[in-house]
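Q: I've never read a protein structure before. Could you walk me through one, a feature at a time?

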Amino acid sequence: MPDAADLERALRAAGLRVTRPRLAVLDAVHAHPHVDTEALIGAARARLGAVSHQAVYDVLRVLTDTGLVRRIQPQGSVARYEARVGDNHHHLVCRSCGAISDVDCATGQAPCLTPSVDGGFLVDEAEVVYWGRCRSCATARTAPAPPDPDGSTAQRGTP
Ligand SMILES: [Zn+2]
Ligand SMILES: [Zn+2]
């Protein structure tokens, strides 16, 4: 985890002025990978007191525009933010609970998939999302039903 001095250095290196909202949001994104906007607003308020939604949105836009923060938005999810940038890593997303987990790039560099036909496009990235069920959702789904107290096994529905 970067400390406050590291975060200030990162902001300056990106050509940004160091402000308390920027520090608070950047710190929260480092602390909570794949955090959503609501949680970031909560984290910023916990640290700074009154901060408007708009202020947090503005900070997020600046941080993503300068590449300090990466915005991802798996289908069906709200926008999420992470500080692990520049490595073309992908995400495992749980269809059941929406949990997101990082996974290294399949080949080590973008684009890690080559289109079968490129149509003359200069392809620089393939957006890869691995969909499935996280460990706990998969376990919950495949766990055997508890034994029936009265011995009836006729009902086999999901609750
Ligand atoms: Zn899950
Ligand atoms: Zn990630």
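Q: What percentage of the 159 residues of the protein chain count as buried?

A: A residue is buried if its relative accessible area is under 20%, exposed if over 50%, and partly exposed in between (1.4 Å probe, protein chains only). Here 30% of the 159 residues count as buried. Before we go on: this is a predicted model, where local features need pLDDT of at least 70, side-chain atom pairs count only at pLDDT 80 or more, and totals for chains, interfaces and linings use all residues. Residues are numbered from 1 along each chain as its sequence is written, chains are lettered from A and ligands numbered from 1 in the order in which they are written, and side-chain values use heavy atoms, with hydrogens and water left out.

Q: How many helices and strands does the protein chain have?

A: Helices (H or I, at least four residues) and strands (E, at least two) are DSSP runs, numbered from the N terminus. This chain has five helices and six strands. Reading from the N terminus, you get α-α-β-α-α-β-β-β-β-β-α.

Q: Which residues are the protein donors of the zinc ion (ligand 1)?

A: Donors are N, O and S atoms within 2.8 Å of the metal (3.2 Å for Na, K and Ca); water is not among the atoms, so sites may look incomplete. For ligand 1, the protein donors are the SG atoms of Cys94, Cys97, Cys134 and Cys137, lying 2.3 Å from the zinc ion. Along the chain they follow the spacing C-x2-C-x36-C-x2-C. Cys97 sits in the loop between strands S4 (90–94) and S5 (100–103), and Cys134 in the loop between strand S6 (129–132) and helix H5 (135–142), so this pair ties together parts that are 37 residues apart in sequence. Cys97 is partly exposed, at 47% relative accessible area.

Q: What geometry does the site of the zinc ion (ligand 1) have?

A: Four donors count as tetrahedral if all angles lie between 85 and 135 degrees. The angles among the four donor atoms here are 104 to 113°, and the site is tetrahedral.

Q: And which residues are the protein donors of the zinc ion (ligand 2)?

A: They are His34 (NE2), Glu82 (OE), His89 (NE2), His91 (NE2) and Asp102 (OD), lying 1.8 to 2.3 Å from the zinc ion. Their spacing in sequence is H-x47-E-x6-H-x1-H-x10-D. His34 is in the loop between helix H2 (20–31) and strand S1 (35–36), while His91 is in strand S4, so that pair ties together parts 57 residues apart in sequence. Both His34 and His91 are buried.

Q: At roughly what angle do the axes of helix H1 and H2 cross?

A: Axes are lines fitted to C-alpha atoms, for helices over the stretch in contact, and angles run from 0 to 180 degrees between N-to-C directions. H1 (residues 4–13) and H2 have axes that come within 10 Å and cross at roughly 110°. That makes the two helices roughly perpendicular, a label for angles of 65 to 115 degrees; under 35 is roughly parallel, over 145 roughly antiparallel, and the rest oblique.

Q: Where is Met1 found, and is Met1 buried or exposed?

A: Met1 is in the segment before H1, and is exposed, with a relative accessible area of 69%. Contact means heavy atoms within 4.5 Å. Leaving aside neighbours within four places in sequence, Met1 is in contact with Asp27, His30 and Ala31. Met1 and His30 are 29 residues apart in sequence but 6.9 Å apart in space, C-alpha to C-alpha.

Conventions:
Four donors count as tetrahedral if all angles lie between 85 and 135 degrees; four count as square planar and six as octahedral if opposite donors are over 155 degrees apart and all others between 65 and 115; anything else is irregular.
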